[in-house]
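Q: Please take one single part of what is shown here and look at it closely. I would then like to follow its connections outward, step by step, to the rest of the structure.

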Amino acid sequence: MLSGSRIRQARKQLMMDPSPTAYAALAREHAWDGESEEALRVCEEGLVAYPGNPELQRLSERTRRANREDRLGELKRELREAPRPAVYAEMCKLLLETDQSTRAEECAQEWSANHPGPEPTLMLARVFVVRFLSDRGREAGRRAFDLLTECEKQLDRDPRPWKLRLELASAIGAWAEARRVASQLLELDPGDPVLEGHFRKLSALQEGAPTIAKALREVERTGNLVSDEQRETQTDGAKRDVRPLLQSLAAESGVKAVVYLRGSTGLVQGPKGATAERSARAMRRIVKTGRAAARRLGMGQVSSISLEGNFGSIAVVSGETDAGAIWCSGKLPRSREQALMNLAGVQAETDEVES
Amino acid sequence: MIEVLDPLASQPGVILAALISDDGVPVAVPGTKVDAAGADGGALGDADALAAMCAGWLDELTESMSLLSCDAPRRVVMRAARGSLLLLRTSGAVLLVVLEPGLGPDELWLPMEGVAARIQRILRGMGEATATDSVSDLEPPSPLPKQADTTPSESPSASLNFGQTGGDPQGN
């Protein structure tokens, strides 16, 4: 009854002032009342009015996560009481959505042990594909290809393993392999215009294309997928100017340098001339070697790297395609770390190199 | 060394605690979250590979820092999707801890510094012992073969031996 009145109050507030804060307040009230679907709907409505609002996005993501956690709890109970393939499949899917590939792998293996067949193998292959696309480790990629081969043998003329193989081969740039799979898919679905277009594109690219092993090695070395480069080209329109953020960070006391890195460009605020260039090069090496080490160690994507020594402290926050770094003379305060997090992943304009 | 690392490995959320000596030899102790180690086919399940990779990465970081005219970092933290890697460089060794995802390193620095200090004491003690043992080995070899300490009463037998084997010095 009390929560009902609070919801009414929040709704009235939203009607008078339809701001992102008011949307978030109403969504929160619904969430506290256990109406997660309604909370999600309010968040989505707010995001339509204020696209990209971080508070609403965070709230929406948190509500979704809570829903998934609830469902996972139910599925676990189901699996204890009456384990069956449909429950295993949903469990694995949810675990993959929540980026818990290790638990998804365990679940798929349990499924395979209890109900042997091609479906758990396909799920296991999916787990390794997801893990490879996230970690870019060669071993996960090789395992995914092996499992897909096994699936293809078990599921004769089923397009699902072929589609997964096509996605994986296209992501790593193994064009000859991708073209072979696309032709197999066209045999199953002749005349599909999307597939035909893809096949033509792959035919043009297959000349001199690397083998699967070579392409996997290259992805592990560089940490870049071919699909990343394509996505980066597509998101060119969403670029933002990062300079004000760099300037505000560099203006704080004790900050020696702030660097933003994307592609082969580095924007440096603080040092000038050759020192700026050296700073950018050093930060790039820290990011590159850190990402490579994490891939080799099987720890997945790097989110941040911090170094401390008699030089002060250096913090690097790594996004998917870019990174931000800050060098302070003392210990890095939490507020600066937070600001640095906003720096990575902004897809800033890096058409010009400045120092 | 394992006893020294044990308290660190038993901290909540620790997947692995290890010590990498200067010559690259690892001493690893699995933590409380041992199931997560190596589950993703990485090097976390293999202490030798982990030690080699971490030592290699630290060298690369040192090279990167030299571009900024700075010394090698003492503390390194890498947060990643499947956990965090903490490295603490001390003289003669690197202390390494792998944490499960979502845990921060802040609570672990103090025990790590404690372990590092203890390791330093042990290594210093070992170094002193080795130095004492090796003093005689470092002495230059004497130009004549070493003889057992002789007492004055033994000298006649020595001259008698000379007489028996070498014969008369005058050729008789």
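A: In this predicted model, B:Ala18 is a good place to begin. When its neighbours within four places in sequence are left aside, B:Ala18 is in contact with B:Pro26, B:Val27, B:Ala28, B:Ala47, B:Leu50, B:Ala51 and B:Leu96.

Let us first look at the strand around this residue. Strand β1 of chain B covers residues 14–21 and is mostly covered, with 7 of its 8 residues buried. Strand β2 (residues 26–30) of chain B runs antiparallel to β1(B), and 5 bridges join the two. In β2(B), B:Ala28 is the bridge partner of B:Ala18, and B:Ala28 is also among the contacts of B:Ala18 listed above. The two strands form a hairpin with 4 residues between them, and B:Gly24, in the turn, has a positive phi of about 90 degrees. A second partner is strand β5 (residues 93–99) of chain B, which is antiparallel to β1(B) and is joined to it by 7 bridges. Here the bridge partner of B:Ala17 is B:Val97 in β5(B).

From the strands we can move to the core. The largest nonpolar core has 78 residues, and those that touch the most other members are A:Val259, A:Val316, B:Ala18, B:Cys54 and B:Val97. Within this core, α15(A) gives the most, with 10 residues. A second, separate core holds 40 residues, including A:Leu96, A:Ala104, A:Ala125 and A:Leu216. As a general point, nonpolar side chains tend to be buried together in soluble globular proteins.

The next step is the place where the two chains touch, to which chain A gives 34 residues and chain B gives 31 residues. On the side of chain A that touches chain B, the elements giving two or more residues are α7 (118–135), α8 (138–154), α15 (273–297) and β3 (302–309). Of these, α15(A) gives the most, with 12 residues. Sorted by class, this side of chain A has 11 nonpolar, 14 polar and 9 charged residues. A pairing of strands also runs between the chains: β3(A) and strand β3 (residues 75–80) of chain B pair in the antiparallel sense over 6 bridges. In that pairing, A:Val302 has B:Ala80 as its bridge partner in β3(B).

Staying with chain A, we can compare two loop residues. Most residues other than glycine have a negative phi, which makes a positive value worth a second look. A:Arg136, in the loop between α7 and α8 of chain A, is not a glycine and yet has a positive phi, near 65 degrees. A:Arg157, in the loop between α8 and α9 of chain A, also has a positive phi, of about 60 degrees, although it is not a glycine. Their surroundings can be judged by counting C-beta atoms: A:Arg136 has 26 others within 10 Å and is therefore buried, as 20 or more are needed. A:Arg157 has 9 others within 10 Å, so it is exposed, as 12 or fewer count as exposed.

Beyond A:Arg157 comes helix α9 of chain A, residues 159–172. At 1.5 Å a residue its 14 residues should span 20 Å, and the end C-alpha atoms are indeed 20 Å apart, so the two values agree. Because 10 of the 14 residues of α9(A) are buried, the helix is largely enclosed by the rest of the structure. Among these buried residues are A:Pro161, A:Trp162, A:Arg165 and A:Ile172. The helix is followed by A:Gly173, whose phi is positive, near 85 degrees.

Finally, it helps to ask how much confidence the prediction carries. For chain A the mean pLDDT is 84, and 92% of the residues reach 70 or more. Among the elements of chain A, α9(A) has the highest mean pLDDT, 92, while helix α13 (residues 226–234) has the lowest, 62. Over residues 346–355 of chain A the pLDDT stays under 50, and for this stretch the model has 26 contacts beyond four places in sequence. Where pLDDT is low, the predicted coordinates should not be read in detail.

Notes:
Residues are numbered from 1 along each chain as its sequence is written. Chains are lettered from A and ligands numbered from 1 in the order in which they are written. This is a predicted model: local features need pLDDT of at least 70, side-chain atom pairs count only at pLDDT 80 or more; totals for chains, interfaces and linings use all residues. The expected span of a helix is 1.5 Å times one less than its number of residues. Two residues are in contact if their C-beta atoms, placed from the backbone, lie within 7 Å. Ala, Val, Leu, Ile, Met, Phe, Trp, Tyr, Cys and Pro count as nonpolar, Asp, Glu, Lys and Arg as charged, and the others, Gly among them, as polar. Two strands pair if DSSP finds at least two bridges between them. pLDDT is the predictor's confidence in each residue, from 0 to 100. A nonpolar core is a set of buried Ala, Val, Leu, Ile, Met, Phe, Trp, Tyr and Cys residues joined through C-beta atoms within 7 Å.
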